[in-house]
Amino acid sequence: MFWKRSYGLIMVGLLLVMMIALLLSGSRLFTDIEEEAHIEEEDRIVVGVSQLGSESGWRTANTESVQNAFTQQNGYFLIYNNARQKQENQLKAIRSFISQRVDYIIFSPVVETGWETVLQEAKQAGIPVILMDRNVDVEDESLYVTCVGSDFEKEGEKAGHWLERELVQRGVSGQSVNIVILTGTEGSSSQIGRSAGFATVAEKHNNWNILEEKCAEFTSTKGKEVMKTFLKRYPDINVVVSQNDDMTFGAIEAIKESGRTVGVDGDIIILSFDAVRGALDMVADGTINVDIECNPNQGEYLLRVIDMLEADETVEKMYYVEEDIFTIENVTEELLQERTY
């Protein structure tokens, strides 16, 4: 009986020893994995990105471009933040990136002003800041390294020059032309640049009457709302200039519901910006007369800039992405099939 009890105690003891050994082994195994993952993360370049929001199809494509560029395969660890169109959210995100000691900060500013303090904090922390899509208005330009984006003023000029040519082709260049403009977020680089560029051309034509400019916040819902107001206020609109495709979609809905027609065969000329896939389909069927491209595929440009900085190469203060102008004449089926946004 005693032997049986002793044998039982011995077996229990052996089981306990084996369980402890397994636990220690397992603990070490998980520790090794965690340490290895930590080492892998340390070997990668950490980039904090504050995107201004997700207000449009263009913005979604822009975000995807960045996420596809800064991958683990390319040697990066990406920390992404969506500011939901609020500057205070971007300020918090940038300060969070600073506290996390990221290697680079990339952000697309909601508006141009109000960034000096946080950018100074990043500079003091030794973290290079790269602007994406939009610019900032600061006295000390050393607060950011470079900006990758579009030449918004040139985009506005392109729209104005296209309208000049179109009116000549229609044989109405000498007649009075009534124009309404749907602008984007007030104080944003795209709104400021596109407005200024178009105004530069419009000022040369005394017969171009800009009836009103109104902010429609780069959204379809607001675009429709603003366009309804324009239609009630001005019965003789000839041209609509809409500073992004989402606002254009809403504006076209409002125009059609009012009983008026748009596009190549319509009585209201539509000028839009961005050239996302859905809008180009409408260019192809003649609903939108012209779409000025704003290229969202900026991730590869940003990747190249950081590669240059990592190699201690000098970078320029501004890099503009390649962009085009689309009308029914050059929107081909091949282009629509190849379009990634």
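**Figure 1. Helices and strands of the whole chain.** The chain carries 11 helices and 12 strands. The model is predicted. Of its 341 residues, 49% count as buried. Contacts across the sequence matter for reading the views that follow. Among contacts with a separation of 6 or more, 74% join residues 24 or more positions apart.

**Figure 2. Helix H2 and what covers it.** H2 spans residues 57–69, 13 residues in total. From first C-alpha to last, H2 reaches 19 Å, close to the 18 Å expected at 1.5 Å a residue. Which residues of H2 are buried? They are Trp58, Arg59, Ala61, Asn62, Thr63, Ser65, Val66 and Ala69. The cover over these buried residues includes four strands and one helix named here: S1 (45–51), S2 (76–82), S4 (129–133), S9 (269–274) and helix H10 (299–310). Two of the buried residues, Trp58 and Arg59, return in the cavity view of Figure 7.

**Figure 3. Strand S3 between S1 and S4.** Strand S3 covers residues 104–107. Tyr104 and Ile106 point one way from the strand, Ile105 and Phe107 the other way. Buried or exposed? All of these S3 residues are buried. S3 pairs with S1 in the parallel sense, over 4 bridges. In that pairing Val47 stands opposite Tyr104. S3 also runs parallel to S4, joined by 3 bridges. Here Ile105 stands opposite Val129, and Ile106 stands opposite Ile130. S4 itself is mostly covered, with 5 of its 5 residues buried. S4 is also part of the cover over the buried residues of H2.

**Figure 4. The open six-stranded sheet.** This sheet has 6 strands in the order S7-S6-S8-S9-S10-S12, with mixed pairing. Why do S7 and S12 each have one side without a neighbour in the sheet? Strand S7 (208–215) and strand S12 (325–326) stand at the edges, each with a single partner strand, so one side of each is left without a neighbour. Further in, S9 and S10 (residues 290–293) pair in the parallel sense over 4 bridges. The bridge partner of Ser272 in S10 is Asp291. S9 also helps cover the buried residues of H2.

**Figure 5. The largest pocket.** About 230 Å³ of space lies in this pocket. Its lining has 17 residues. Which of them lie nearest the centre? Asn135, Ser150, Phe152, Met318 and Tyr320 do. Three elements each supply at least two lining residues: helix H5 (152–169), helix H6 (189–202) and strand S11 (318–320). By class, the lining has 6 nonpolar, 4 polar and 7 charged residues.

**Figure 6. The second largest pocket.** The volume here is about 180 Å³. Trp162, Arg165, Glu166, Gln169, Val264, Asn289, Thr327, Ile328 and Glu329 form the lining. The classes divide evenly into 3 nonpolar, 3 polar and 3 charged residues. H5, spanning 152–169, also serves the largest pocket.

**Figure 7. The largest cavity.** How many cavities of 30 Å³ or more are there? The count comes to 2. About 100 Å³ of space lies in the largest cavity. Of its 13 lining residues, Trp58, Arg59, Arg134, Arg194 and Asp274 are the closest to its centre. H2 and H6 are the elements that give two or more residues to this lining. The lining divides by class into 4 nonpolar, 3 polar and 6 charged residues. Trp58 and Arg59 are also among the buried residues of H2.

**Figure 8. The second largest cavity.** About 30 Å³ of space lies in this cavity. Which residues line the second largest cavity? The lining consists of Ile181, Arg194, Ser195, Phe198, Glu213, Val241, Gln243 and Phe273. Arg194 also lies among the residues closest to the centre of the largest cavity. Helix H6 gives the most to the lining of the second largest cavity, with 3 residues. By class, the lining has 4 nonpolar, 2 polar and 2 charged residues. H6 also supplies at least two residues to the lining of the largest pocket.

Definitions and conventions: Residues are numbered from 1 along each chain as its sequence is written. This is a predicted model: local features need pLDDT of at least 70, side-chain atom pairs count only at pLDDT 80 or more; totals for chains, interfaces and linings use all residues. Side-chain values use heavy atoms; hydrogens and water are left out. The expected span of a helix is 1.5 Å times one less than its number of residues. Buried means under 20% relative accessible area, exposed over 50%, partly exposed in between (1.4 Å probe, protein chains only). Contact means heavy atoms within 4.5 Å. On a 1 Å grid over the protein atoms alone, a cavity is a set of points where a 1.4 Å probe fits but cannot get out, and a pocket is an open set with protein on both sides within 12 Å along at least five of seven lines; lining residues have an atom within 4 Å of a point. Grid points are joined across faces, edges and corners, and a volume is the space filled by probe spheres set on the points. Ala, Val, Leu, Ile, Met, Phe, Trp, Tyr, Cys and Pro count as nonpolar, Asp, Glu, Lys and Arg as charged, and the others, Gly among them, as polar. Two strands pair if DSSP finds at least two bridges between them.
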